[in-house]
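Visitor: I would like to learn how to read a model of this kind. Please take me through it.

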Amino acid sequence: MITINEHYLKLQASYLFSDIARRVAAFQANNPHVEVIKLGIGDVTKPLPPACIAAFHQAVDEMADDASFRGYGPEQGYAFLREAIATHDFQARGADIQADEIFVSDGAKCDTGNIQELFGQQTRIAIPDPVYPVYLDTNVMAGRTGNYKDGRYEGIVYLDSTRENNFVPSLPTENVDLIYLCFPNNPTGSTITRAELQTWVDFARDNKALILFDAAYEVFIRDESLPHSIYEIPGAREVAIEFRSYSKSAGFTGTRCAYTVVPKECRAYDSKGGTQFVHPLWNRRHCTKFNGVSYPVQRAAEAVYSIDGKVQIKELADYYLENAAHVRQEMARLNFNFVGGENSPYVWINGGRDSWEFFDMLLNKAGVVCTPGAGFGRCGNGYIRISAFNSHENVQKAMARIHQALS
Ligand code: PLP
């Protein structure tokens with residue numbers, strides 16, 4: 001008899017986006033004349049930068065020619081891309097990362113979801129609340145949690161991110177082995193300082209723990225005092241894995257390219273307490289279960305680091321940050337408490353009421369769709385997330401409508 005992995009039965013169906021879609025459809029049916037403006041889902045709206053498109057086209061042409069055609073590539077990614085990443089994203093910022101520590105992939109979602117396979121079943125997991133749900137659900141699937149009770153899974157150490165701690169969780173008081181951190185944060189848009197990140201690195205070193213650092217929104221950092229990578233922090237090479245993505249930085253959400261950094265010294269332990277390096281394990285997993293990102297996509301990603309590419313991706317991020325600034329300005333005028341939007345495309349707003357109530361009010365009174373914070377965890381209740389991924393025109397229109405409806 002074939003049996004299932006019963007840990008899947010513990011998963012809470014995510015009703016968040018289907019609930020949003022249902023409420024939006026009902027609103028549209030009753031208000032066919034109102035144009036609904038969507039500032040909910042975190043997908044980009046602008047096309048790929050011209051430098052990426054040119055490189056993409058050229059690589060497709062290479063695939064059409066006997067002399068330049070390429071079949072299977074290296075699973076870890078082509079050297080041209082891994083070297084460009086190491087040079088521009090890390091060494092240029094003083095972070096000692098080498099090309100052979102980069103693993104190119106088709107998404108930070110898959111990587112942040114798959115990485116837990118490398119660690120023992122008894123691993124004690126610390127996860128922020130609110131959170132990008134992938135970290136939590138993949139550990140539930142792997143059987144590292146108990147059941148879902150009162151809005152949380154048993155066995156997980158939740159790291160509350162609240163106004164009191166400026167949305168940067170405090171160090172856990174319990175023993176934990178694997179710590180998920182994401183900065184600039186989804187959904188709160190909060191950032192972490194060098195000093196704060198240093199305390200996490202020190203904690204991981206002191207407690208034989210490992211940090212999984214998701215920097216998918218790194219391109220939006222404008223405050224030069226903030227770290228872009230955890231490897232800018234002394235001591236991080238032994239205790240941290242970092243995830244990056246071209247999805248939000250270069251509009252690759254539909255094109256798919258990302259990477260994971262596993263430094264050679266990064267370590268975990270076997271059941272006898274012996275040190276084991278993570279790099280060969282991830283290399284083994286990657287080569288066994290993944291066959292590499294397509295050649296044209298890697299060439300398009302490489303173009304991000306060209307002179308034109310660098311200018312274009314900065315312009316792209318600046319475009320969304322202008323939207324975020326406009327959202328912040330309007331929320332301040334309406335006297336809401338909020339965080340984010342300065343080094344992040346997300347603004348996290350305290351509505352002073354239940355998240356869904358706030359969502360319904362913005363939809364019904366202004367025809368604007370946001371994301372209710374409660375969908376990201378218990379600490380998200382009372383908040384909504386507004387995403388800056390839309391056109392200037394739509395964001396301006398949405399803010400004018402919200403202003404009119406609420407002031
Ligand atoms: N990490 C965070 C925090 C995200 O918000 C997202 C996407 O929204 C991802 C990772 C996924 O990135 P990718 O498109 O590379 O899979």
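Visitor: What is the area buried between domain 1 and domain 2?

Guide: The size of an interface is often given as the accessible area lost when the parts come together. Here about 3,500 Å² is buried between domain 1 and domain 2, with carbon and sulfur atoms giving 59% of that area; the loss is summed over both parts, using a 1.4 Å probe. This is a predicted model, in which local features need pLDDT of at least 70 and side-chain atom pairs pLDDT 80 or more, while totals for chains, interfaces and linings use all residues. Residues are numbered from 1 along each chain as its sequence is written, and side-chain values use heavy atoms, without hydrogens and water.

Visitor: Which residues make up the two domains?

Guide: Domain 1 is 6-47 + 308-406 and domain 2 is 53-307; the bounds come from an automatic or database domain assignment. Their centres, taken over C-alpha atoms, are 25 Å apart. Contact (heavy atoms within 4.5 Å) involves 38 residues of domain 1 and 47 of domain 2.

Visitor: How many salt bridges are counted between domain 1 and domain 2?

Guide: The count is 1, where a salt bridge is a side-chain nitrogen of Lys or Arg within 4 Å of a carboxyl oxygen of Asp or Glu.

Visitor: Which residues are buried in helix 8?

Guide: An α-helix has 3.6 residues a turn, so residues three or four places apart point the same way. In helix 8, V278, H279, W282, R285 and H286 are buried (under 20% relative accessible area, 1.4 Å probe, protein chains only). Seen down the axis, these buried residues fall within an arc of 130°, so they line one face of helix 8. On the other side, R284 and T288 are exposed (over 50%).

Technical notes
Helices (H or I, at least four residues) and strands (E, at least two) are DSSP runs, numbered from the N terminus. The arc is that of the directions from the helix axis to the C-beta atoms. Buried area is the accessible area (1.4 Å probe) that two parts lose on being put together, summed over both.
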